[in-house]
Structure formats: C-alpha cells, structure tokens
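Trainee: Hi! Could you walk me through this one before the group meeting?
Mentor: Happy to, let's pull it up.

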Amino acid sequence: MALIDSIKHSATAKAHRPWPRVVVGDDGWKKAIDLLARGRCTLLGLWGDAPDVHMALLDEKAGDIAVVSYACKDGQYPSVAARHPPALRLERAIGSLFGLEAVGTPDARPWLDLGFWDVRHPLGKRARAQKPAPYAFLPAEGEGLHQIPVGPVHAGIIEPGHFRFTANGEHVVRLEQRLGYVHKGIESLMDGASLDEAAKLAGRTSGDSTVAYSYAFAQAVEAALQLDVPPRAAYLRALMAELERLANHFGDIGAICNDASFTLMHAQTGILRERTLRAAEACFGHRLMMDMIVPGGVARDIAPEGPAQLRALLADVRIVFPRLIELYDNTASLLDRTVTTGIVKPALVRRFGAGGTIGRASGRDFDARRKPGYAPYGELKFDVPVLEEGDVNARVWIRIREVEQSLALIEQILSRLPEGTTRAPIKASARFCEGLGVAEAFRGDVLIWLRLDGTGRVARCHLRDASWFQWPLLEAAIEGNIVADFPLCNKSFNCSYSGHDL
Amino acid sequence: MRRTLFENITQRVLTEPAPAPDEAALAELAKSVDRAARAKLGRSLSIRQVDAGSCNGCELEIHALNNAFYDLERFGLRFVASPRHADVLMVTGPVTKNMREALLRTYNATPDPKWVVAVGTCAVDGGIFAGSYAVAGGVEEAIPVDLHIRGCPPSPAELLQGLIALLEHAR
C-alpha cells in the first residue's frame, strides 16, 4: 500500500511529481504525525509555503515518498514536534521565517532569526523587526557545573555557529547549538528567480555539496516539467557526484585524524583530495564542479582527456589508500581517541532519519542512490556499507568503505559511458507545476522541493540539507564525553552550517 | 607508517613553484599598505580566517593552501586560531546580517597594523546573495578591505597569487 493511501486527504495536487502531494485536514495531519511518532515512516522534510505547511514522509522499505499539505488556520498548525522531536528545529524555522505557529510545540524560541534582520517573518507576512528578547539557552543546573560558550567565530578555517557547553569538570553535561549565522535568505532569493539563477543559488547552498545540490535541483525541475535527461548526461552527473564524494571523504578522514593530532594522515589524504579536485578540473573545468549539473542535463561534456586522467587518479588512489587504511587501523594512539568516542545510538538515528555517514555508522541502512533511487544508479553496482557501533571510529570506517565504493562506481561509469547528447532543451510549462528531487550528497540526502510558475520561473523552492537531522544528534553524541573530544566528534559529523542555515 | 614516512623522504617533492604575484592585487594594495607596517612585519604574516556567511566553497580552497602542493607556510604565511595573533583577516562570503557584529568584533580584536583580504566573488558585493533581507553585502559593508581575491571560489593558485602580492608589499 502506498504511503499516501493510509492518510485521509481531501485533494491531490494536480501537477506534483514524481511523488504525490495531498491536501489534508486535521485528521490527515494527525495521522501523518502518528505514523512518524510510531516509527512507521521517516520525516524527510517540513517547510512553510504560507499559508500552508508541507511535510514530506518517507517509507524507507518501499522507497516511497509522500508530501502532505496542511492549510494553516489563522496562521496556526498542529505541532509535529510535540509528538515527533526531529521536527522541532524545522518548526522553529517555519515560525521565524513564515510566522506560522506550531500549536502545542515544546519549544517556541526562534531559529535562524538571531535578531539582526530588519524584518520579521521574511517569507510570510513581513513586519518590522522589534528589539528581540534575549535568547534563553536551556538550563542545566547542579553543583560544579560551568558553561563554555564557543563561537560563532571558531578557531580554525570553519563555518560559524554557536555552541553552548555545560560541563562538570571535563565532562560535557549538555551541549546546545545555536545556528543561523550564515543564513543568507536563499529561499527568498529563489522566489521569482529564473531557472538559471535558481540553479546557481542551489549550487551555492553548501559549497562542499554543490554537485549534490545541483543534482537534486535538476531532478526537481525535471520532475516538474516532465523532462527526460539524455543517458550520457545521467552518467556524467553520477561521475561528478562520486568525484565530489571522494574528495570530501578524503578531506574528512584526514581532518578527523588531524583533530586527534595525527597530522600524517591529514597530509596524505590532503594529497589525494587535491589530486581528485585536479582531475575534476581536467574533466569539467572547475575543481568543485560548480554549475556543471543543470536542469535538462549537464553544462558541458567531459573533456576528451578526462577519462585517462580519471583512470590515472584511480590507479594512484588504489596504491596509496590501502596503506592509509592500514596506517589508521594500526595506530593505537589514534584508535584510542576514535573508538567509543561520540556514540550515537541506532534508535536515535532511526528516529531522526539521519542519513549519510552518521546514519550508516549507527545502523541505518539508507542511501538515496539506492532508494528511492535515481538515474543512473539503478544500472550500477555498489554496496552501501553499514555499521552498528555509532562512534567516531565507525564514521571513519563508513567513509573508508564509501571511498572504495566510489572508486568502483567511477570505474563502471567510465567503462559504460553512453554516447549521445548531454542536455535536453527546457520547455517551460504554461501552468504551475511542482517537483521533488532527492540526491545523496557525501553527508547524506539532500531534498529539494519547488513550484514553477507558468512563465518558467521559480515560485517557491525549499532546500533541506542532511544536516537538519544530524546537528541535533551531535548534541546527543557529545553527552558524557570530555570537552577535548568535541572537535573530534564534530569533525566526524561534519555537518554543514551553510546548508542548514540557508 | 614507516613506509609512508620513508617514501615521503625519497619521492620527489609535491610542492609546486610559487606563482608570480597577481598584478591587479599589487595595484589594489599599493594604496593601502603603509611603509611602517612593512618594516615591522617583514615577510611573515599570521592569517585569521573568518567565514562571514560563505557557502563554504571558499573555505575548501583556503584549506587546500595548506596541502603539500601549495604549502603556504613556506612563504612565512600561516593560519592562526585567534584574531589576537593575526596580522591578516581573511574574510569569505557575503556578510550576513547575523554575522556582521561578530565580524566587526573579530576585526576589533585584531591588533594593528592589520590587513583585510576579502576572498570570493560574494565578498566583493554579496554576489548572488546580494539584495536578500539577510545579507548586508560585501565585506566592505562591515570592515575596511585592503585586497580582494575574486573567484567562485578562487582556486588555491589564485589565492596564493593574491597573498604573495600582499607579502611583496609588506616586505
């Protein structure tokens, strides 16, 4: 039975693809919340579209997705977070951006709005901003507790965010994050943007995942406009996505070891990362492959010398990387830092629907490339590594195994790359249409939902980074660990600030 | 580990020759670097990087400056953890309204003489994020800028060119 059939709805959106969107009343909305709270489905997204709120649900086993829409009454909707905590920050963001109120929410504090904007509710009924009340961090009380405020400006080449630690000596009792510092208002810039402009914005939501964002955005547009992508373009997209995954995993594996003061690994993986980026530039003319995936296909074909460059890269990595794995696995002082540090329990990961390395290191067997799946991954052979331990070490090993899988995927893509065109022409729809795209970035699934108007411009676009369901778990992972292990835990998560803050 | 270390000693060095300083950067700097500062700091500068709202693309390429191919430290340039230890603030991103105050405080915490290098197209005027309710604009909206290194993101080689131009002037 499709997910949508179990939820009572009054209407189905006419042009929402490839999965259905239905309009629900109180009954249907409550039923959806009930399915989430009982673990029957996973929260994939929750976003505002004043005066409505939309919620995307995922049936992991079937790979089925459904979007339910609730029309707010007097700017109010029943809180999802009241029964399903993973929705909390999304609800708070809807409150700050749209002014829509989640009735019954356990936490009505603002999110993303830090009190520096001239307007309140920039995506809803705009109003002049008033002087904000001081932000109240959650209390942690007891003898010997002290607070350590960190950020927004951190010590290093990192994005900004605020972490409020409450510690007892060295042990962290509570961590509370406050994010939103790099909020750029991407969703407001999307309103009325042409497809070209919108694709550029999507590709700069989180620079490290620019390929994955462009991928998901293109999927959403193509779904809305019912466009078919040429097979060669589909393969080139996957090639870019795997190169991006490789580069980021190399960087992360080294950076995690570096935060345990094992700089040798950092230096070595830095070389592999650089070689990967140079190969990407040789193939597609840009080191991060920005703006290469566009609605309809890809912006340019692979350079004639590209495949040879990639084969040389693969050969090089296949010699060096196994030695680095051995080095990691045989360095007791390093493992002493990573094993049993920052554990995230599998039940929590499942509940939050946390994807990517964080989910798979804690037993959640989910990868958007496999389910719901998208072209050309159905034609390619790859494994999705899963571990149960959920510690920093497991998150390193998932990355190691995924590097191996990406190498194999790149090999397959090169040997099977179809001939033909690389871009289908865009035909704007004369009517409103909606599309949903899901792509697996290196840190987890990116979801992009959009509505196009009758002139081919974006009427509304929502982008949901994997980090939304991962950041809260970092608060859980650090509990009971020592303060000095926080950088290690944080790096092993490597959540996106920009992707989250939008 | 021994094998990896040994090979590092015996194999050819990965570090590439330094690029020539960027002409446009030299011209921009001619206005701002004063002689007293040059005499004091010589050819060794400490850089504090501040993300004032970037998409993190620029950060990736700034990170790359430390890898074996670019080896920034050979020029006497190094990244430090505190603005109080810094001679140069390297700022990325459009300055978001949520970060403007933090950027200003970081600038004020950096001792004189100091330079500000704005990195990336967004850092010039807000780039594609200009005009948003949440974006103040380029870095100059918040603090004075001595050098812009453009690009989306600028490649590590372009970053090096800009920084070497800064060193040439600081000499």
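Trainee: How many residues does each chain bring to the contact?
Mentor: Chain B puts in 42 residues and chain A 43 residues, where two residues are in contact if their C-beta atoms, placed from the backbone, lie within 7 Å. Before we go on: this is a predicted model, so local features need pLDDT of at least 70 and side-chain atom pairs count only at pLDDT 80 or more, while totals for chains, interfaces and linings use all residues. Residues are numbered from 1 along each chain as its sequence is written, and chains are lettered from A and ligands numbered from 1 in the order in which they are written.

Trainee: Which elements of chain B supply the side that touches chain A?
Mentor: Helix H1 (2-10), strand S1 (45-51), helix H4 (57-64) and helix H5 (97-109) of chain B each supply at least two residues. The largest share, seven residues, is from H5(B). Helices (H or I, at least four residues) and strands (E, at least two) are DSSP runs, numbered from the N terminus.

Trainee: And what kinds of residues are on that side of chain B?
Mentor: There are 21 nonpolar, 15 polar and six charged residues. Here Ala, Val, Leu, Ile, Met, Phe, Trp, Tyr, Cys and Pro count as nonpolar, Asp, Glu, Lys and Arg as charged, and the others, Gly among them, as polar.

Trainee: Switching to chain A as a whole, how many helices and strands are there?
Mentor: Chain A has 16 helices and 18 strands. Its radius of gyration is 22 Å, close to the 23 Å that the globule rule gives for 502 residues, so chain A is as compact as a globular protein of that length. That radius is taken over C-alpha atoms, and the globule rule is 2.2 Å times the number of residues to the power 0.38. The C-alpha trace of chain A spans about 65 × 65 × 45 Å along its principal axes.

Trainee: What share of chain A is buried?
Mentor: Buried residues are 56% of the 502 in chain A. A residue is buried if 20 or more other C-beta atoms lie within 10 Å of its own, exposed if 12 or fewer, and partly exposed in between, with C-beta atoms placed from the backbone.

Trainee: Okay, sheets. What is the strand order in the four-stranded one?
Mentor: The order is S2-S16-S17-S18 in chain A, an open sheet with mixed pairing. Two strands pair if DSSP finds at least two bridges between them.

Trainee: Why do S2(A) and S18(A) each have one side without a neighbour in the sheet?
Mentor: Strand S2 (16-17) and strand S18 (458-464) of chain A stand at the edges with a single partner strand each, so one side of each is left without a neighbour in the sheet.

Trainee: How do the pairs run, parallel or antiparallel?
Mentor: S2(A) and S16(A) run parallel, joined by two bridges, and His16(A) stands opposite Glu434(A). S16(A) and S17(A) run antiparallel with nine bridges, Gly435(A) being partnered by Leu450(A), and a hairpin of two residues joins these strands. Six bridges link S17(A) with S18(A), also antiparallel, and Leu447(A) stands opposite Arg464(A) there.

Trainee: Is S16(A) covered on one face or on both?
Mentor: On both. Nine of the nine residues of S16(A) are buried; Cys433(A) and Gly435(A) are among those on one side, and Glu434(A) and Leu436(A) among those on the other.

Trainee: Which helix lies across that strand?
Mentor: Helix H5 (residues 210-225) of chain A lies across S2, S16 and S17 of chain A, at about 150° to S16(A). Axes are lines fitted to C-alpha atoms, for helices over the stretch in contact, and angles run from 0 to 180 degrees between N-to-C directions.

Trainee: What about H2(A), how many of its residues are buried?
Mentor: For helix H2 (residues 88-98) of chain A, 11 of the 11 residues are buried, so it is largely enclosed by the rest of the structure. What covers the buried residues of H2(A) includes strand S4 (42-49), strand S5 (52-59), strand S8 (101-103) and helix H14 (471-478) of chain A. Just after H2(A), Gly99(A) has a positive phi of about 75°.
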